[in-house]
Amino acid sequence: MIRRWGYVGITAVLAVVVAIWAVPELGRDTVTFVTIGQTGPDGGPPLPSLSPDLLIYPGTAQILLLAVGVGLLVQIYSTAYLGHHPRYRSYALVIVLFLIAMIAVVGTTNLWVLLVGWEVMGLCSYLLIGHEWESPVARAGAAKAFLVTRIADLGLVMAIIVIGETYGTYDIVGAQVAQSEQPRHATLIGLLVLVAVVGKSAQFPLHTWLPDAMPGPTPITALIHAATMVAAGVYLAARLFQLYADSQVVLTAMAVVAAITMLMGALFAWVQTDLKRALAWSTVSQLALMLAAVAVGDPEAGTDHLLAHGVFKALLFLGCGCVMLAVGSSALSSMGGLRRRMPVTFWTMTAGFAALAGLVPTAGFFTKDSVLHAIERATDGDRGLAAGTAWVLLVVALVTTFVTAAYATRLWVLTFFGAGHGAGPHGTLGQDVREAPLAMAGPLVVLAVATFALSVGQPLHLGTGLLSTVIAVAGVAAVLVAARRGSTLAWAPRPLAAELWLDRPFSRWILALGTGASRVVVELDREVVDVYPRGGESLAATISRGLGLAQSRNVQRYATVLAVGVVMLVVIGVVVS
Amino acid sequence: MTIPVDWTVAGPATVVMIGALVALVVDASYSRRTWLGSGLPATAAVLAGIAELLREDATGAPFAFSLVVLLGTLFVVVASNVMNFENAMPPGEYHFLLMSASAGALVVVSARDVVTLVVALELLSLPSIALVGLRQGDRAAIRSAWTFFLASVVSTAITLMGVSLLYGVTGTLEYAGLREALVDPDVPGSVVSVAVVLTVVGLLFKLGAVPFHAWVPDAYGGTSVMVAGFLSAVSKAASLGALLVLLAEALPGAHDAWGPVVAVVAAVTMTIGNLGALRQDDAVGLLAWSSIAQAGFMLAPVVAVSGPYGLSAPVQYVAVYALANLVAFAALAVVLRLRGSTRLADLRGMARNDPWMGIPLVLAALTLAGFPPAVIGLVTKVVVIRPVVLDDHVWLAVVMGVNVMLGLAYYLRLVVTLCGRAEGEPYVSPSPPISVRFAKSTVLIGSATLVVLSAWPDLLLSHLP
């Protein structure tokens, strides 16, 4: 027990250090530039050097606090949830490593440090998804997440190289300074950044890895696959926004990706029969909403929603973990009627679902309102995005709001109300279904409070606010009425239930292609490339054997070799000179 | 007629030669003929020689080579105690011949005219040949000595031809005189080329460079292990020093003649040596071929002898090479004494079941290969490649790089064999003699030096010229 709290202690120390550093920046307007060792941007030759410089401004500070805060809560939660696991130590240490990498990604101004942190996060994600590596599902999910996010990493590496070649520095601030003097290659940089974001934040068409990452431990899902790592993609888009803000191509592509992903994710979330997977699709959809904010030229709204979403989605996943621990499964069919048995989980998750649906007065409402307002402002067409695109985006966002409210209500109803589908043979819940222990319920309460507390001081945009509230309430009401009439809320058309077969390229075609291609590569390697080393080896062996034979202990032969050698050396000496 | 003697040069050699005579006389007059009876005077004489060398406060490449020669001889004399109780090996003659060869090595390095060089080379060669065949009743040893002798005679004859041609062209045999005469435009260029190449041949022979290498595996394999260590370390260091001084002091004007010859010989030597070592299944044979390859590495920077690193690079390389090689040979001598075999198959797992001898052997192999954690080996590999690159012999540097890889193939095979798991208990002599401890102590001191140098290479590099 002491041992387990030791890892919580490490995380707590990390959190306190970050808090001491970041909290004073929250209310500050100026930017703090922490230079360690070398000075800041000097416009020198672009060498891929790592610099320990850190830059922190209010948005960065908020995300840092979110990361270490959720990280600390997840560590506390894990002591109860996973504390008896034989590999708990590696689990807890990987979380700490992950947090350090996240701090590096968020805080640094050096693109190569960002890349290192980005890769370490991907590695931690891989390790933690595959934590239960006895299960083939977890192994497959981990491998898929790793491989798909590799595409994103490729985009990021290319983007970094192009930025370095274009602006002569690998420093984000330096590149922004150079860009403000003479913007160049905005479209190329923007599209490469978009590739990185699409992969890391699980956007269409690289979205399928996130739902498949769900076999990982639930606290990890809350930390990495809801609150922090997947959000880092959106953060990157916001951070580098200035470098590609001039390019309408990039913004339009980003808007299209966001529009497709947000509606698709919401619809997929509606049809799921598994609570955790539904929440995963919901994350995909919400990330698309943040990306939409970046696309319409308001990255601050995007990072604000990132923050609120990080809190309430971590709350929902941790609550999901409590429910899973109680009923032993994440399938919705095994839940129901948990309201009375698990009051803390019920009330905190209710707050989380309300925030997801965008209901007043949760933080989710206000930040979603900001995003919708930003999209609405972009419809006048002078913010880089064409008016028509912005209108389409707005409509899709409003439809998504309706679907989001509907699926949030559906999940809420199916989990906590009803007679309990997973009840025992006598129609009652088993006696072992009880409230989660304090170490798990405590973090839920903290996050629920934060869900409301974060709405303090948020701007309110009356028009979009009213509209989105009406739509969300309509969504909630529609589901509630249907549930009251005895519907099982199982409306799932076949294409949606199959997730539009979008996973098929990854699960079948690329696999088949890859198998063929890799076979060709192996053959090439064995038959063509290996000829040289093997030829060299056999040549060396042959000469070596010949030398062994020549070493005959026959003095006459030695003398002959000697004489011939002397003649040849004299010839070399005379001819060359 | 009085011959002026420069005692700063001749001092250490004279002391060592007197020691050799004392050792012989003590052994002859001391009826029991124990190993220590002649070994102690020899050790004392080498120590006195070192003191004499240091007292004279000399500097430069000859001093460094002399120091390597004397320290190497000391190492060999102490480690040779492992042959105590070996009745076929007469101790007095052994020490006398060893010390004579050592004196010859000292004179070779500090020679300042070609006649002294040739005489000293004979003083180095003839005792070495006798040492190879010294073990009584050993037909293989006598046969090796015979091979060595014939090859040596042929190469000396060739060198004398070259020397006479040089004298005929320039009228002098002093290094300083040759240096001035060779820049004279009246001297016929092609004759100088032939003369220079023929003169260098004798030294290349002592160095064991291809195509004068054939005696090396036979001599090393046929003689006792410590004599092979002496030939590979002391004799080689001396002939490299002599070659370096001759080329730098007497023949810089003929660089066009010997430059390509040395470069080609270096490249071919390291390649042939490494290829030959690949298929050896005996540790001594492996080290014999590898010392041919190492001679190539020592020769390579000689092409840039007039450059900024021309003299220091071979000195530093040969110092580390000699130490590592002596550690390896001394360890193998102990192994041969205790286990009766130096075949690789019998050495398997030695780093585990005999770490006091196995780990020094691993360390020596890694140093010779230039592979971390033996950093000093890597550093000296860089040291010899640097002048070659700076002097624009890129092709030679590429050949050296390839040969470093080739060398890794068999050195690491040795390391893997030593570190592997032994199959069954190895045979170990049930009653090891006390005198083995002398040899063991030299091995441990030598490997401790290698470890210290690996941690702090500057200790060596900044103190050698």
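Me: What does pLDDT express in this predicted model?

Reply: In this predicted model, pLDDT is the predictor's confidence in each residue, on a scale from 0 to 100. Among the elements of chain A, strand E1 (residues 32-34) has the lowest mean, 52, and helix H13 (residues 275-295) has the highest, 88.

Me: What is the mean pLDDT of chain A, and where is the pLDDT below 50?

Reply: The mean for chain A is 79, and 88% of its residues reach 70 or more. The value is below 50 over residues 35-50 of chain A, a stretch with 29 contacts in the model beyond near neighbours in sequence. It is also below 50 over residues 422-427 of chain A, where there are nine such contacts.

Me: Why is helix H12 (residues 248-271) of chain A said to agree with its expected span?

Reply: At 1.5 Å a residue, its 24 residues should span 34 Å; the end C-alpha atoms are 35 Å apart, which agrees.

Me: What makes H12(A) largely enclosed by the rest of the structure?

Reply: A residue is buried if 20 or more other C-beta atoms lie within 10 Å of its own. In H12(A), 18 of the 24 residues are buried, so the helix is largely enclosed by the rest of the structure.

Me: How many residues does each chain give to the contact, and which element of chain B gives the largest share?

Reply: Chain B gives 33 residues and chain A gives 23. On the side of chain B that touches chain A, the largest share, ten residues, comes from H11(B). By class, that side of chain B has 23 nonpolar, six polar and four charged residues.

Terms used. Residues numbered from 1 in each chain as written. Chains lettered and ligands numbered in written order. Predicted model: local features only at pLDDT ≥ 70, side-chain atom pairs only at ≥ 80, totals over all residues. Contact = placed C-beta atoms within 7 Å. Helix = DSSP H or I, 4+ residues; strand = E, 2+ residues; numbered from the N terminus. Nonpolar A, V, L, I, M, F, W, Y, C, P; charged D, E, K, R; others polar. Expected span 1.5 Å × (residues − 1). Buried ≥ 20, exposed ≤ 12 C-beta atoms within 10 Å, placed from the backbone.
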